[in-house]
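Me: I would like a close look at one part of this protein, namely the region with the strands and the loops that join them. Please take the salt bridges and the burial of the residues there with some care, and then set that region beside what can be said of the helices.

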Amino acid sequence: MKKEFGEIFRRNEKLRVLASIIGAAIYALGLNWFIVPLNLYSGGMMGIAQLIRTFLSNSFGIQSGQLDLAGIFYYILNIPMVIMAVKKMDKLFVKKLLITLTACTIFLSVIPIPEKPILGEELTNCLIGGIICGFGIGMYLRAGCSGGGFEVLGIYLARTKPNFSVGKMNMIVNGVIYAVCLILFDPSVAVYSVIYSVFMSITMDKFHAQNIRVEAIILSKTNNDQIEAQILKRMGRGITCWKAKGGFTGENIDVLYTVLSKYEIGILKDIVYTANPQAFMVVKEGLSVDGNFIKRLS
């Protein structure tokens, strides 16, 4: 039953988008209920949005009550990332990016922020908040969606630079943000913000195994040109083909080979079995891939 649901989840984009919206709500709840009341700061683009909110509040007295303006600033800061995604990423990714980003902004803006932390001890709030936020982010990442931020830029740079990764991008940005927190605020703010970020990252990684590479071997007798064309068009993946002969039947057959992310398996199966319901496919995980392999969020 679990395997069947996983297969349906990978192939049903509407279900994946729904999961991403729920993940955005969970992330916003964890941030607004446990982290914001402590005046702590997230990493990445959200951390920058929070710093802008604090600057405007302290310098110009702009207050919004229980409405957190950081969510709105987060959306505005993501406009350049969305523009880059439109130019560099596939259309499906951009659509899901816009949906998840909008959902994050709405939930961050409407979920009320308690006047005092829900739990009395700061470290406990960091732990619980980090787990909830990490679970929410991991949920929409696992659904093949993105909440925006520097991860979009990181994904693009990871595609074009062999030694670059999304993790490196996050480390650089977060290092700058927490250095600013250390300079401008009480050192405890920076320390607890880092603790929250660590808990969040660990939970996110546990829930979402990013870029697990798999190889797929497809044996098909008919409509192989259609399969190859759709893999290139819908997935942007290269494919290698060669001729073979069935050991039992002695009939000629085409073998198609490609390497992809585990979260693209559903799309591949849809392509293959739509073109040839009688095709045979083998998928193997746990690859070490070097060379011109495109890293993806999903």
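Reply: The model shown here is a predicted one, and what follows should be read with that in mind.

I begin with the salt bridges, of which the count comes to two. In one of them the side chains of E251 and K221 meet, with a distance of 2.4 Å from N to O. Because E251 lies in the loop between β2 (240-245) and β3 (252-261), while K221 lies in the loop between β1 and α11, this pair ties together parts that are 30 residues apart in sequence. E251 has a relative accessible area of 39%, and since this falls between the limits of 20% and 50%, the residue counts as partly exposed.

The other salt bridge joins K243 to D254, whose closest N and O atoms are 2.9 Å apart. Here the pair links strand β2, which holds K243, with strand β3, which holds D254, and the two residues are 11 apart along the chain. The two partners are placed in opposite ways with respect to the surface: K243 is exposed, at a relative accessible area of 68%, whereas D254 is buried, at 18%.

Strand β1 (residues 213-220) contains E215, which is buried because its relative accessible area, 15%, is under the 20% limit. The C-alpha atom of E215 is separated by 4.4 Å from that of V259, although the two residues are 44 apart along the chain.

The loop between β1 and α11 (224-235), where K221 was placed above, also holds N223. The phi of N223 is near 55°, a positive value in a residue other than glycine. Most residues other than glycine have a negative phi. N223 is partly exposed, with 40% relative accessibility. A positive phi is also found at N39, where the angle is near 60°; this residue lies in the loop between α2 (13-35) and α3, and at 53% relative accessibility N39 counts as exposed.

Turning to the helices, α3 (residues 44-60) and α4 (residues 70-77) have axes that come within 8 Å and cross at roughly 125°, which makes α3 oblique to α4. The crossing of α3 with α4 is right-handed. Helix α5 (residues 79-88) packs with helix α6 (residues 91-110) at an angle of about 160°, their axes being 10 Å apart, and α5 is therefore roughly antiparallel to α6. In this case α5 passes α6 in a left-handed crossing.

Helix α9 (residues 166-184) holds C181, which is buried, with a relative accessibility of 0%. C181 and G47 are 134 residues apart in sequence, and their C-alpha atoms are 9.8 Å apart in space.

On the surface, finally, there is a nonpolar patch formed by W33, I118, L119, L127, I128 and I131, which together have about 430 Å² of accessible area. Helix α7 (residues 122-142) gives the largest share of this patch, three residues. L127, which is found in α7, has a relative accessible area of 32% and is partly exposed; because residues of a patch need over 30%, L127 meets that condition.

Technical notes
Residues are numbered from 1 along each chain as its sequence is written. This is a predicted model: local features need pLDDT of at least 70, side-chain atom pairs count only at pLDDT 80 or more; totals for chains, interfaces and linings use all residues. Side-chain values use heavy atoms; hydrogens and water are left out. Patches are made of residues with over 30% relative accessible area and no salt bridge: like charges are joined within 9 Å, nonpolar side chains (Val, Leu, Ile, Met, Phe, Trp, Tyr) within 5 Å. Accessible areas come from the Shrake-Rupley method with a 1.4 Å probe; for residues, only the protein chains shown count as cover. A salt bridge is a side-chain nitrogen of Lys or Arg within 4 Å of a carboxyl oxygen of Asp or Glu. Helices (H or I, at least four residues) and strands (E, at least two) are DSSP runs, numbered from the N terminus. Buried means under 20% relative accessible area, exposed over 50%, partly exposed in between (1.4 Å probe, protein chains only). Axes are lines fitted to C-alpha atoms, for helices over the stretch in contact, and angles run from 0 to 180 degrees between N-to-C directions. Angles under 35 degrees count as roughly parallel, over 145 as roughly antiparallel, 65 to 115 as roughly perpendicular and the rest as oblique. A crossing is left-handed if the near helix is turned anticlockwise from the far one by less than a right angle, and right-handed if clockwise.
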